[in-house]
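Ready for a few exercises on a protein chain? Have a look at the picture, try each task yourself, then read the solution.

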Amino acid sequence: MEKKSREGVSDFKGSDYQVLNSMKDLVRVIDKDGVIIFANKSMINSMPINPIGVNCYLDYSEDFPKCLADRKYRLNSTIKEKRKINGVDYSITSSPVRNKDGEVVSTVEVFRDISKEVKTQIDLINANKDIKDEIIFAKHIQNKTLPSKGEHVGLDLDYRYISSRDLSGDIIDCIDIDERFVGIYIADVVGHGIAASILTMFIRQTMRYLVSRITDSRPKRVLKDLNTTFTELNLSVDKYFTIFYGLYDRKLKIFSYANAGHNGIPFLISNEKLEELKVTGHPISPMFEGIGFTQRDILLSSGDELIMYTDGITETRGFGNEFYGEERLKRDLMKVPDKRIEYVLSEVNSFRFLEQDDDIVLVSLKVL
């Protein structure tokens, strides 16, 4: 590598000299011919030779970086680029220096070591990949815990379960207690993502234990015990969920139900008439420790259909930011008796203006 004679190298002295020379960043100043006329101490100490006098248009190597801006682009605005030099990652900024007449007389190039930032970025990418893999696994497990469609002790179960993210905060389950009784519930955990999905697993495990107690699986007792068990977790008050639980007696065809704050009020469709299964109750929350729940019973007939859902359906927003709403849901449920779920979800998708931002569950239970 040949250096230009010292006579041809201009001395770079001025008010900014001390500032540039004391910077930790590598700084060099290049004249219009590509000759380095100044390099601060950091630049000099990092290079295998003193770079002053070297033409970085022509005399560059693997460990001696070429000028960032060539003659063609020298008059343009500031240029930025990332390069790896001698194993070090740099962010390089090249800026033209103009005289009082606006003419470009030289270029200042600043090399900032970003190795730590690059390593942190790589670590974050790898960590996010690990988290993503774990979320995919958790989603697989969550989907596998959903109940089987088809007959459950005198009821024909069908449903659609659509999460707004990889993991859902909604859950449904159908528990065949014995040959006479079956329990069915739908729950909605506040929030989304990993924390909400973990709570759905708590709900499933606890409900299966409570419902399987043949001695007393009445809805009002089950929800009271569920609230007690949840309170014992000592979680903050912002962690809560709503749940509607029903118990079907195939022998007597009686459906008993209780509601713990679930605002998606289920419907009974019988003889082409729709009835709301209204019953009040507080959400499952540490705020309502020791509370009880109200239970109601209805007599069902073969051909009747129970519809359960979460508010991801009714709170879907349309073009004018209005909700899909309960009244529209009722109307759409009655339009196609044989394929209610498919029709309603099709209408919801057509109504939606933006992306789905809440989990959706829609359940049909037909009495056999």
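Below are five tasks, each with a worked solution.

Before you start: this is a predicted model, where local features need pLDDT of at least 70, side-chain atom pairs count only at pLDDT 80 or more, and totals for chains, interfaces and linings use all residues. Residues are numbered from 1 along each chain as its sequence is written, and side-chain values use heavy atoms, leaving out hydrogens and water.

**Exercise 1. Work out how many helices and strands the protein chain has, and what share of its residues is buried.**

Solution. Start with the count: the chain has 8 helices and 16 strands. Here helices (H or I, at least four residues) and strands (E, at least two) are DSSP runs, numbered from the N terminus. Next comes burial, where buried means under 20% relative accessible area, exposed over 50%, and partly exposed in between (1.4 Å probe, protein chains only). Of the 368 residues, 46% are buried. Finally, take contacts (heavy atoms within 4.5 Å). Among those between residues at least 6 apart in sequence, 59% link residues at least 24 apart.

**Exercise 2. Find the strand order of the open sheet of 6 strands, and say which strands lie at its edges.**

Solution. Two strands pair if DSSP finds at least two bridges between them. Following the pairs gives β6-β7-β16-β15-β12-β13, with antiparallel pairing. At the edges sit β6 (150–152) and β13 (273–276), each pairing on one side only. From one strand to the next, the twist averages 25 degrees. Now zoom in on one pair: β12 (residues 267–270) and β15 (residues 305–309) are antiparallel, with 3 bridges. There, phenylalanine 267 stands opposite isoleucine 307 of β15. Last step: helix α7 (residues 326–333) packs on the sheet and touches β12, β13 and β15, its direction making about 25 degrees with that of β12. For such angles, axes are lines fitted to C-alpha atoms, for helices over the stretch in contact, and angles run from 0 to 180 degrees between N-to-C directions.

**Exercise 3. Look at the loop between β12 and β13: what is the phi of asparagine 271, and is this residue buried or exposed?**

Solution. Asparagine 271 lies in that loop, and its phi is near 55 degrees, a positive value in a residue other than glycine. With a relative accessible area of 72%, asparagine 271 counts as exposed. Glutamate 272 is in the loop between β12 and β13 too, and its phi, near 65 degrees, is also positive in a residue other than glycine.

**Exercise 4. Why is strand β8 described as largely enclosed, and which strand does β8 pair with?**

Solution. Check the residues of β8 (residues 170–176): 6 of the 7 are buried, so the strand is largely enclosed by the rest of the structure. Then find the partner: 7 bridges join β8 to β9 (residues 181–189), and the two run antiparallel. One bridge links cysteine 174 with isoleucine 184 in β9. The two strands make a hairpin, with 4 residues between them.

**Exercise 5. Work out how far helix α5 reaches, and what covers its buried residues.**

Solution. Helix α5 (residues 219–231) has 13 residues and reaches 18 Å from its first C-alpha to its last, close to the 18 Å expected at 1.5 Å a residue. That expected span is 1.5 Å times one less than the number of residues. Buried residues of α5 include Val222, Leu226 and Phe230. Their cover includes α4 (193–211), β10 (241–249) and β11 (254–260).
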